[in-house]
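The report below describes a protein model for a reader at the bench. It begins with one aromatic side chain and its surroundings, and then turns to the fold, the core and the surface.

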Amino acid sequence: MDSAVSDPHNGSTEAGGPANVTTRPPSTPEGIALAYGSLLLMALLPIFFGSLRSVRCARGKNASDMPETITSRDAARFPIIASCTLLGLYLFFKIFSQEYINLLLSMYFFVLGILALSHTISPFMNKFFPANFPNRQYQLLFTQGSGENKEEIVNYEFDTKDLVCLGLSSIVGVWYLLRKHWIANNLFGLAFSLNGVELLHLNNVSTGCILLGGLFIYDVFWVFGTNVMVTVAKSFEAPIKLVFPQDLLEKGLEADNFAMLGLGDIVIPGIFIALLLRFDISLKKNTHTYFYTSFAAYIFGLGLTISIMHIFKHAQPALLYLVPACIGFPILVALAKGEVTEMFSYESSAEILPHTPRLTHFPTVSGSPASLADSMQQKLAGPRRRRPQNPSTIYEESNPKDPTAVTESKDATEASASKKQEKKEK
């Protein structure tokens, strides 16, 4: 995860070049404003649409689109894992050739980017397919082991429309692989961000506070305490950041003086904002108060980050400003509305959705599978009204296996019938 980074020295020498070589022309105020405004807009798009899609993802039935739930233990370990990964990448760039590392990473992100972009554009592309489009269903299944020990590794369901989206995404992938163009980089970066917000779900608000609090310390340390994060961000030629040129107005699409924003500063607050949207829906008040509050808090925090970065001409840890805003604003609203308890007791993973039946208890039935199925249906259907029965029938049902009971019941029935006949004759 990278922080928001801008080239702090407009007019400085090219990275790695001698001091007496041609320098970059200073960016105009218009170009800088365009770059920062574009970064802000690009950060908001995956958060907004990813949050909406996270609600549909939680309600979905497709196994390939099931969200990955982050627990409090995962949240506590994540800053440590991220620190080890960041430091490992930094050492790799210092020890080994940067070209070979970036070539290997480019191939890796080439495959991931195509899959992410295909998943992103699939809902939009479905609207353009004609009704008579021949759409066939496919399933990609990889298993490990055999028999009772068989375990699913990959279970992905797709159709012909998804294959068309995959082909279109491959064109962008080849463009990125050959040219490393900043537009192709941003298309992949936006796809990664949207998929992250959609498919990564926090299980509750407390977990979100643990995750954001830990990464707050992580971001501040690696940006202000060392040059590790800035070095990796500028050396890492992969779509893990959104970039926009500050000299676009002067050089057009071939501009090369970039402001950049790490995807972590989009996805991490984004999954917390998506959690608050699902919390809004669980309240069933037809309002999205906490979602809009946290969304406005993100705009405020990122705008503050960009402003301070521009004033001090130094890379800023975006989470230093985003975390207090995204956590503080919704909690203040919850305090004002008296819903703090409801907010912190909400469990996203425990939602019972309308179309998802849940069996709260399991019947203990011995016998054939058919009898087990019948018993489960009776349990789920609930108690039914019984038709009124005469005493003899009830007695027969209460003792179905006692032959003497059946005989006694028949004798009683015959005696009753003979008495009625005698009364009629009299």
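## Phenylalanine 295 and its surroundings

Apart from neighbours within four places in sequence, phenylalanine 295 is in contact with Leu44, Ile47, Phe48 and Ile273. The model is a predicted one, and the contacts described here should be read with that in mind. Phenylalanine 295 is placed in helix α10, and because its relative accessible area is 15%, under the 20% cut-off, it counts as buried. The C-alpha atom of phenylalanine 295 is separated by 9.8 Å from that of leucine 276, a residue 19 places away along the chain.

Helix α10 itself covers residues 289–312, that is 24 residues, and spans 35 Å from its first C-alpha to its last, which is close to the 34 Å expected at 1.5 Å a residue.

## The fold as a whole

The protein has 15 helices and 7 strands, and of its 426 residues 40% are buried. Among contacts between residues at least 6 apart in sequence, 73% join residues that are at least 24 apart. The accessible surface comes to about 24600 Å², and carbon and sulfur atoms account for 62% of that area.

## The largest nonpolar core

Which residues touch the most other members of the largest nonpolar core? They are Phe236, Ile266 and Tyr298, in a core of 79 residues. The element that gives the most to this core is helix α9 (residues 264–283), with 10 residues. For isoleucine 266, once neighbours within four places in sequence are set aside, the contacts are Ala43, Pro46, Ile47, Ser193, Leu242, Leu261 and Tyr298. Ile47 therefore appears in the contact lists of both isoleucine 266 and phenylalanine 295, given that contact means heavy atoms within 4.5 Å.

## Salt bridges

A search of the whole structure finds 6 salt bridges, and the table gives three of these pairs with their N to O distances.

| Basic residue | Acidic residue | N to O distance |
|---|---|---|
| Arginine 77 | Aspartate 74 | 3.2 Å |
| Arginine 179 | Glutamate 254 | 4.0 Å |
| Lysine 251 | Aspartate 256 | 3.3 Å |

The bridge between arginine 179 and glutamate 254, at 4.0 Å, links distant parts of the chain, since arginine 179 belongs to helix α4 (residues 160–179) while glutamate 254 lies in the loop between α8 (248–251) and β7 (258–262), 75 residues apart. Both arginine 179 and glutamate 254 are exposed.

Arginine 77 and aspartate 74 are a pair within helix α2, and because they are 3 residues apart, about one helical turn separates them. An α-helix has 3.6 residues a turn, so residues three or four places apart point the same way. Arginine 77 is partly exposed at 44% relative accessibility, and aspartate 74, at 29%, is partly exposed as well.

Aspartate 256 forms a salt bridge with lysine 251, and through bridges that share partners, Asp247, Lys251 and Asp256 are joined into one network. With relative accessibilities of 27% for aspartate 256 and 37% for lysine 251, each of these two residues counts as partly exposed.

## A nonpolar surface patch

Leu87, Leu91, Phe92, Ile95 and Phe96 make a nonpolar surface patch of about 500 Å². Leucine 91, one of its members, is placed in helix α2 (residues 72–95) and counts as partly exposed at 44% relative accessibility.

## Two residues with positive phi

Most residues other than glycine have a negative phi, and most peptide bonds are trans. Where does asparagine 286, whose phi is a positive value near 60°, lie in the chain? Asparagine 286 is in the loop between α9 and α10, and with a relative accessible area of 81% it is exposed.

Lysine 313 likewise has a positive phi, of about 55°, although it is not a glycine. This residue comes just after α10, in the loop between α10 and α11 (319–337), and it counts as partly exposed because its relative accessibility is 37%.

Conventions: Residues numbered from 1 in each chain as written. Predicted model: local features only at pLDDT ≥ 70, side-chain atom pairs only at ≥ 80, totals over all residues. Heavy atoms only, no water. Patch = residues over 30% accessible without salt bridge, like charges linked within 9 Å, V, L, I, M, F, W, Y side chains within 5 Å. Areas by Shrake-Rupley, 256 points an atom, 1.4 Å probe, with all protein chains shown as cover. Salt bridge = Lys/Arg side-chain N within 4 Å of Asp/Glu carboxyl O. Helix = DSSP H or I, 4+ residues; strand = E, 2+ residues; numbered from the N terminus. Buried < 20%, exposed > 50% of the residue type's maximum accessible area, 1.4 Å probe, protein only. Core = buried A, V, L, I, M, F, W, Y, C linked by side-chain atoms within 4.5 Å. Expected span 1.5 Å × (residues − 1).
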